[in-house]
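Colleague: I'm new to this one, and I'd like to know where the words people use for it come from. Could you take me through them?

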Amino acid sequence: MPETLSTSPSFFESLPGSVVVFLALIFLAIWVFSHVWKKMSSAQNVALPFVRVLLGTVAIWFIFQFLSLFLTLATPWSWWGLALLGSVVIEGVVFFYRLERKVAPVKISRAITALRIGSVALVLLILAEPVLERYIQRALNRIVVLLVDQSESMDLSDPQRSTSEWIELGIYHGILKAKAFGPEGKMTQQDVQHKTVDEFFALLDPQTRASLEALQETKRSELAKDITFGDDQSSGLLALLNQNYDVRLVEFAATADPIAFVETTEGDEGNSVELVDVEADLKPSDDWKRLTQLTGAIEYPLVNIPPDQLAGVVVISDFRDTARGNPESPAYQLASRSVPVFPVVVGSENPRHDLAVTSVDAPESIFKGERLSVDVNLKLYGVAGQEVKVKFLQGDTVLDEQLVQVPEDDDQYRSLIEFKDEPEMDGILAYSVRVQEMEDEVIHENNRWDFQTAVSEDRTNVLLVDTRPRWEFRYLRNLFYGRDKSVHLQYVLTEPDGVGPQDELSPPRPKVVASASREFGDAEATDLPETREEWRKFDVIILGDVSPEYLTPQNIKDIEYCVRERGAALIVISGWSYMPHKFKNADLAKLLPVTYTETMGPMFYAPETAYSIVPTLEGRRHPIMQLGSSVTESDQVWENQPLMKWRFDSSGVKPGATILAYAEPPNVRQVDFVTADQSPADTAARIREMNEVKQNNSLIVIQSYGLGKVMMLNYDRTWRLRYRIGDTLHHRFWGKVMTWGAGENLRAGNEFIRLGTDGITYTPEEKIKVTAQILQADYRPVTEEAFDVDVYHDGAKISSHTLQYRPESQGMYDVEIGPFKKPGTYPIRLVSSAKSKVKLEGSEAVETEFRVATALNPVEWTEFSADGDTAARIAKAGKGEVVPLTDLQLLEDAFGPSSNNELERADITLWDHWLLFLVLISMITAEWLLRRKGGLL
């Protein structure tokens with residue numbers, strides 16, 4: 001059956017409707033006349049049935065053409081095929097009529113024939129699947145999303161406001177009758193015009209000053225609530241916007257959550273808003289309030305509101321983004337949809353007297369023998385000219401102490417200091433940084449920052465092989481050998497750069513066989529592993545542009561075995577000289593997720609002069625491609641990548657493989673594009689086209705192979721992730737590749753059994769993810785088994801949990817446990833489950849621990865002042881503007897019309913209507929009754 005809807009030739013589509021009707025009537029009349037014309041020769045009598053079938057086919061086809069003038073015939077069949085079928089069946093009906101009229105009354109025979117022809121016509125109409133297309137104009141109420149910050153920093157008050165901030169707050173509350181002040185800080189009201197804000201403030205009477213002083217202890221959350229709801233729930237921003245728009249009220253901190261207690265009612269005087277149980281909903285848990293996630297909050301409308309209804313976004317916050325995201329990215333995306341973002345800043349931008357540890361940059365895990373380096377950022381406000389003592393402790397032991405001299409003229413001093421430690425033991429070590437406390441500080445909770453670091457010896461064994469030191473090789477070697485201490489690297493370069501010319505007299509390089517058993521740090525080798533046993537010790541094998549003369553068929557068989565049976569990960573980075581087009585090897589062709597054509601020479605040129613890297617829909621969801629803190633930020637990362645110049649042109653992608661990214665030439669529309677008004681056949685055709693383009697232009701392809709995994713990089717430019725920003729994204733991408741291929745690095749255990757958690761310290765509200773990796777003695781992963789993790793506290797076993805195998809993984813098992821309410825240390829131990837066929841030997845030694853603390857580091861308390869710069873950047877990215885408290889009324893008309901009128905396609909299928917089937921059954925029943933009446937049964 002054809003997969004597309006039948007369509008008529010373009011010539012007939014251009015004919016006027018009257019011509020089509022005329023032709024349909026002419027051929028129908030000729031067909032009928034051929035049945036009543038009697039004067040024919042014998043030769044004509046023989047040819048007549050075929051002529052009648054031909055005439056009937058053309059007549060029915062023109063009838064279809066006539067119907068298509070005002071209906072869509074959605075049949076998957078050919079019109080000519082249906083017309084031919086109908087003509088043959090009708091000719092058969094007429095033939096039976098001539099036989100039956102000899103034994104039945106003529107009137108009954110004619111009635112039976114008419115009913116039969118009518119039934120055939122009705123069946124043909126049903127098979128043509130007529131659809132009536134019509135468009136309905138639908139009014140969509142537009143939506144404004146009101147985002148209200150409820151994070152912990154909103155519990156602060158701002159007695160340190162500047163003069164202009166006090167005037168703005170006084171105008172908002174109606175205490176000051178002034179209208180506003182201009183950009184130069186001068187008043188605009190007529191009686192005080194041209195006075196500076198300081199001069200105006202000095203003229204205030206004592207009663208007005210007292211009214212302003214009463215606002216000193218007003219919390220930011222109280223002000224935000226007043227802005228949102230007003231005094232009587234009818235004068236706030238919510239009621240203002242609700243006059244013209246549907247408003248979605250969303251509170252946010254660590255996450256964004258809609259408030260369900262807003263009810264809108266319509267009355268004679270317009271819309272009104274009623275709030276149900278406000279206080280209950282505005283009291284989230286302490287854990288929820290711990291962070292301000294501005295990026296996730298601004299992303300909320302993108303994900304949860306239909307694009308054709310979203311009118312605008314208003315954000316009420318102090319704009320301290322303690323989650324360290326990129327809130328400008330979703331604001332840009334909103335602006336691209338003509339959805340403006342308007343920030344309303346709550347809080348003062350003036351700092352308060354405070355000493356704090358604002359952040360500590362320390363690794364969560366290091367490896368035994370590695371030095372721990374800790375960067376400490378300090379905020380030392382209000383202590384100009386003084387010395388401040390900072391201590392670095394492990395447990396209660398002071399490891400180091402530094403004195404920070406604050407300059408005489410700097411009342412807002414910031415400092416970066418560094419501490420180091422060389423731990424001599426394994427396990428989880430507790431550290432802290434403490435700044436001396438002063439009596440007149442705002443709070444003391446931020447003078448201390450606690451953190452933990454796990455010390456382990458779990459490393460991923462990686463073998464990197466290439467021919468020449470091309471850029472991709474250089475950056476990968478530097479990454480794994482220099483920066484990423486979680487990798488035990490062995491690299492082999494078959495044609496290294498030399499200092500001088502190489503000739504027959506040059507001494508050969510010493511033979512050094514790559515082996516995962518070599519000491520950590522001994523990374524350079526000159527030869528590949530010699531035995532399958534040595535190959536099997538590698539978790540990840542990376543093949544660059546390696547020559548088939550060097551990578552022998554036996555080497556490829558060993559690699560194939562390691563992937564299939566041992567569960568290793570193979571990553572192939574294509575190259576223009578050899579890989580993979582120079583290999584005539586069935587084992588390699590079987591391993592790779594792409595198909596390719598063997599060539600004699602090198603592949604210097606790509607199919608296009610330049611291209612962009614575009615993640616597929618599957619790629620956007622895959623952890624490997626998520627290089628930002630959110631999906632939108634990851635999309636922005638890939639969009640910002642420079643144009644690439646070379647790629648390997650594979651001939652296709654194997655069934656079962658997943659394409660994570662493909663190449664797209666500049667100025668070409670995105671492939672993943674299907675419009676809602678397309679017909680089912682057009683949609684199916686578009687999807688086939690999209691899949692074809694991706695397969696023909698694949699860049700990053702992955703697949704499972706046996707117990708292992710294979711990735712094919714059809715380009716050798718991942719090092720371009722360093723473009724203008726250094727090695728952060730490059731390191732992140734390959735770290736995710738390592739995790740995908742070999743699993744996470746788990747801090748406790750031995751060579752074959754590892755155990756760890758997704759963090760070290762948790763709050764009493766958080767759940768803990770426990771992960772174990774279990775390998776056999778030959779490094780093959782143990783799959784589809786069940787193991788338990790026992791949890792202890794205060795020396796007693798308190799619970800046991802069964803780990804579940806992670807499908808298609810390298811022997812990885814997971815379980816989510818908790819939360820655990822009591823603070824303290826919780827040892828966990830990996831043991832065999834009663835259901836498991838595999839018994840862990842010496843499993844008592846495979847254990848680690850996590851900790852539960854009543855409060856984590858005071859992230860929300862490290863910076864007190866509102867961040868007007870972040871608000872301004874969001875407004876600029878979102879094509880809006882920062883709205884002062886004195887101008888909130890401007891938002892009433894800031895988002896355009898209150899509704900959108902759009903044409904909505906509403907197709908009515910006629911062929912499956914119950915009335916047609918009722919008529920058909922009636923005609924068949926009537927025909928049966930007439931046959932019985934005429935004695936034909």
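Modeller: Let's go through sheets, cores, a pocket and two single elements in turn. Keep in mind that this is a predicted model.

Colleague: What makes S14 and S17 paired strands?

Modeller: Pairing takes at least two bridges between two strands. Strand S14 (residues 387–394) and strand S17 (residues 427–435) are joined by 5 bridges, so they pass, and they run antiparallel. For one bridge you can look up, take phenylalanine 392, whose partner in S17 is valine 433.

Colleague: Which sheet do they sit in, and what are its edge strands?

Modeller: They belong to an open sheet of 5 strands with mixed pairing, in the order S12-S18-S17-S14-S15. Strand S12 (365–367) and strand S15 (397–405) are the edge strands, since each pairs on one side only. From one strand to the next, the twist averages 25°.

Colleague: Why are S6 and S10 said to stand at the edges of their sheet?

Modeller: That open sheet also has 5 strands and mixed pairing, ordered S6-S5-S4-S9-S10. Strand S6 (256–258) and strand S10 (341–345) each have a single partner strand, so one side of each has no neighbour in the sheet. On average, neighbouring strands here are turned by 25° against each other, direction ignored. At the S6 end, strand S5 (residues 246–252) pairs with S6 in the antiparallel sense over 3 bridges, and phenylalanine 252 stands opposite alanine 256.

Colleague: How do you know that S20 is mostly covered?

Modeller: Buried means under 20% relative accessible area. In strand S20 (residues 487–493), 7 of its 7 residues are buried, so "mostly covered" fits. Val487, Leu489, Tyr491 and Leu493 point one way and His488, Gln490 and Val492 the other, and all are buried. In a regular strand, side chains alternate between the two faces of the sheet.

Colleague: What makes S19 a partner of S20?

Modeller: Strand S19 (residues 460–466) shares 7 bridges with S20, in the parallel sense. At least two are needed, so the two strands count as paired. Leucine 463 stands opposite glutamine 490 there.

Colleague: Which residues touch the most other members of the largest nonpolar core?

Modeller: That core has 41 residues, and the ones you want are Ile542, Ile571, Ile700 and Trp734. Helix H21 (residues 728–742) gives the largest share, 7 residues. Leaving out residues up to four places away in sequence, tryptophan 734 touches Leu476, Leu479, Phe480, Ile542, Ile571, Ile573, Leu713 and Thr718. A second, separate core of 39 residues includes Met154, Trp166, Leu212 and Leu249.

Colleague: Which element gives the most to the lining of the second largest pocket?

Modeller: H21, with 7 residues. The lining has 36 residues, and Glu364, Ser365, Ser486, His731 and Asn745 lie nearest the centre of the pocket. The space inside is about 1400 Å³. Among the other elements giving two or more lining residues are S12, strand S13 (372–381) and strand S18 (448–456).

Colleague: Last one: which residues of H13 are buried, and what covers them?

Modeller: In helix H13 (residues 328–336), Ser329, Pro330, Ala331, Leu334 and Ala335 are buried. They are called that because each has under 20% relative accessible area. Their cover includes helix H12 (294–304), strand S9 (310–317), S10, helix H19 (631–639) and helix H22 (868–877). After H13 comes serine 338, with a positive phi near 60°.

Technical notes
Residues numbered from 1 in each chain as written. Predicted model: local features only at pLDDT ≥ 70, side-chain atom pairs only at ≥ 80, totals over all residues. Heavy atoms only, no water. Helix = DSSP H or I, 4+ residues; strand = E, 2+ residues; numbered from the N terminus. Axes fitted to C-alpha atoms, helices over the stretch in contact; angles between N-to-C directions. Core = buried A, V, L, I, M, F, W, Y, C linked by side-chain atoms within 4.5 Å. Buried < 20%, exposed > 50% of the residue type's maximum accessible area, 1.4 Å probe, protein only. Contact = heavy atoms within 4.5 Å. 1 Å grid on protein atoms, 1.4 Å probe; cavity = no way out; pocket = protein on both sides within 12 Å on 5 of 7 lines; lining within 4 Å. Points joined across faces, edges and corners; volume = space filled by probe spheres on them.
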